[in-house]
Amino acid sequence: MKKVLFATSALVLTAGVAAAEVAVSGDGRMGVIYDGNDAQFSSRARVKFTLTGESDAGLSFGGSFRVDQETFGTTRAASNGTRGAVWISGTYGKLSMGDTLSASEAAIGDLYEIGYTEGSFADDVEEISYLTGDGADRDQGSNILYEYTINQISLYASATDGSSNSWYADTYGANNADDDTAYALAAKYSADSWWAALGYAKRGDADEISLAGEGKFNNFSVKGVYLKYSDAYVDAPLFGQSHTSGDEPVVGFAAGVGANVKLDNTIGLSAAYQMDAIAVKGFYRKDKYKSDADSQSFDSFGIGADYDLGGGAVLAGGIIDTDYLNDTVFDLGVKFSF
């Protein structure tokens with residue numbers, strides 16, 4: 001695969017000492033998305049900056065952000081820690097800060113992505129709903145993640161600062177949006193062809209216990225995920241049938257189910273098969289919610305295939321049916337890496 005990278009030596013102290021380097025890469029995609037009613041064209045292109053360096057003592061450091069992460073609304077996102085990340089690593093592990101994963105997600109991850117939009121055509125239902133450090137949790141502010149591996153065991157710890165703004169904005173009260181601080185702990189054991197992981201997270205009064213494992217055998221791989229939540233309340237407008245979008249009610253709890261809706265547990269299973277340039281992938285997910293009066297489960301499943309065209313281009317498509325959407329949706333297109 002031919003890649004175009006622009007790298008510059010930012011600092012060279014003495015002969016034999018590694019230089020700081022800035023590398024530019026990118027990705028893109030183009031294709032068609034069907035939302036159950038209409039087909040739409042969908043494309044994008046993104047550029048990513050990756051910064052790396054090494055101290056005289058051999059301590060590695062770096063950072064990364066995409067061009068679209070430089071700002072978010074009126075906030076300088078990559079400069080205040082809510083987009084992009086920086087890290088430092090050495091003998092005693094790796095410490096990252098910014099828009100990083102939680103300890104649980106770093107150890108476990110999500111279900112397998114499908115389609116050329118990698119699941120976004122169905123609102124990313126393959127992504128597990130972690131309490132902290134997840135993409136939807138930016139109101140928690142900058143995240144810090146520590147990772148350490150010894151032999152076959154990896155340990156993770158993460159925490160948030162509870163503010164979506166920089167210290168400067170917090171100090172002077174500019175658009176401050178404080179939220180509960182949160183933390184997570186996780187451990188992972190990795191063997192040659194399988195791994196298993198256990199995690200725990202807490203955000204305010206909510207708790208999360210996560211358990212997952214993955215095995216790979218020849219060309220086949222399978223992954224299972226289970227999360228149990230306590231006091232993980234969900235905004236009621238997402239579930240009330242009186243809340244409408246256009247002429248149709250938003251998919252959610254039936255009328256009369258009661259108040260105080262909270263996520264109870266999530267079960268997920270993914271499988272994939274790789275044969276030369278073709279990969280077939282699928283997933284199933286069940287989310288169970290409870291309220292004062294009743295409980296209800298939301299099912300999601302999807303299947304897709306990738307064909308590697310070589311040179312960083314992949315033809316991909318997927319179809320997803322989920323109770324979170326009114327219709328079955330699919331996408332088909334080409335994704336690129338540069």
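This report describes salt bridges, strand pairing, backbone exceptions, the nonpolar core and confidence in a predicted model.

The model is predicted, so local features are reported only at pLDDT of at least 70 and side-chain atom pairs only at pLDDT 80 or more, whereas totals for chains, interfaces and linings use all residues. Residues are numbered from 1 along each chain as its sequence is written, and side-chain values use heavy atoms, with hydrogens and water left out.

## Confidence

The predictor's confidence in each residue is expressed as pLDDT, on a scale from 0 to 100. The chain has an average pLDDT of 83, and 76% of the residues reach at least 70. Two segments with pLDDT under 50 are residues 1-17 and residues 237-251. Contacts (heavy atoms within 4.5 Å) beyond four places in sequence number 25 in the model for residues 1-17 and 28 for residues 237-251. Where pLDDT is low, the predicted coordinates should not be read in detail.

## Salt bridges

Side chains of opposite charge can pair when their charged atoms come close. A salt bridge is defined here as a side-chain nitrogen of Lys or Arg within 4 Å of a carboxyl oxygen of Asp or Glu. Over the whole structure, the search finds 10 such salt bridges. Three pairs are listed below.

| Salt bridge | Closest N to O distance |
|---|---|
| D207 and K202 | 3.5 Å |
| K290 and D264 | 3.9 Å |
| K286 and D299 | 2.8 Å |

The surroundings of these residues are described by relative accessible area (buried, under 20%; exposed, over 50%; partly exposed, in between; 1.4 Å probe, protein chains only). D207 is buried at 17% relative accessibility, and its partner K202 is partly exposed at 24%.

In the second pair, D264 is buried at 10% relative accessibility, while K290 is partly exposed at 34%. Strands and helices are DSSP runs numbered from the N terminus (strands, E, at least two residues; helices, H or I, at least four). K290 belongs to strand β16 (residues 278-290) and D264 to strand β15 (residues 262-275), so this salt bridge ties together parts that are 26 residues apart in sequence.

For the third pair, K286 is partly exposed at 27% relative accessibility, and D299 is partly exposed at 24%. K286 lies in β16 and D299 in strand β17 (residues 295-310), so the pair ties together parts that are 13 residues apart in sequence.

A network of salt bridges links E118, K281, D306 and K335.

## Strand pairing from β16 to β18

Strands are taken as paired if DSSP finds at least two bridges between them. β16 and β17 run antiparallel and are joined by 13 bridges. Within this pairing, V280 has A305 of β17 as its bridge partner. The connection from β16 to β17 is a hairpin through 4 residues.

β17 also pairs with strand β18 (residues 313-322), again antiparallel, through 10 bridges. Here S300 stands opposite T322 in β18. The hairpin formed by β17 and β18 has 2 residues between the strands, and in its turn G311 has a positive phi of about 70 degrees.

## Positive phi outside glycine

N151 is not a glycine, yet has a positive phi of about 55 degrees. N151 is located in the loop between β7 (143-150) and β8 (153-160) and is exposed at 75% relative accessibility. D231, likewise not a glycine, has a positive phi of about 55 degrees. D231 lies within strand β12 (residues 220-233) and is partly exposed at 32% relative accessibility.

## Nonpolar core

A nonpolar core is a set of buried Ala, Val, Leu, Ile, Met, Phe, Trp, Tyr and Cys residues joined through side-chain atoms within 4.5 Å. The largest such core has 34 residues, and those with the most contacts inside it are I108, I128, V225, Y229 and I320. At least two residues of this core come from each of α2 (103-108), β9 (182-190), β10 (194-203), β11 (206-217), β12, β16 and β18. The element giving the most is β12, with 4 residues.

I108 illustrates the surroundings of one core residue. Leaving aside neighbours within four places in sequence, I108 is in contact with Y130, W195, A197, S210, L211, A212, K223 and V225.
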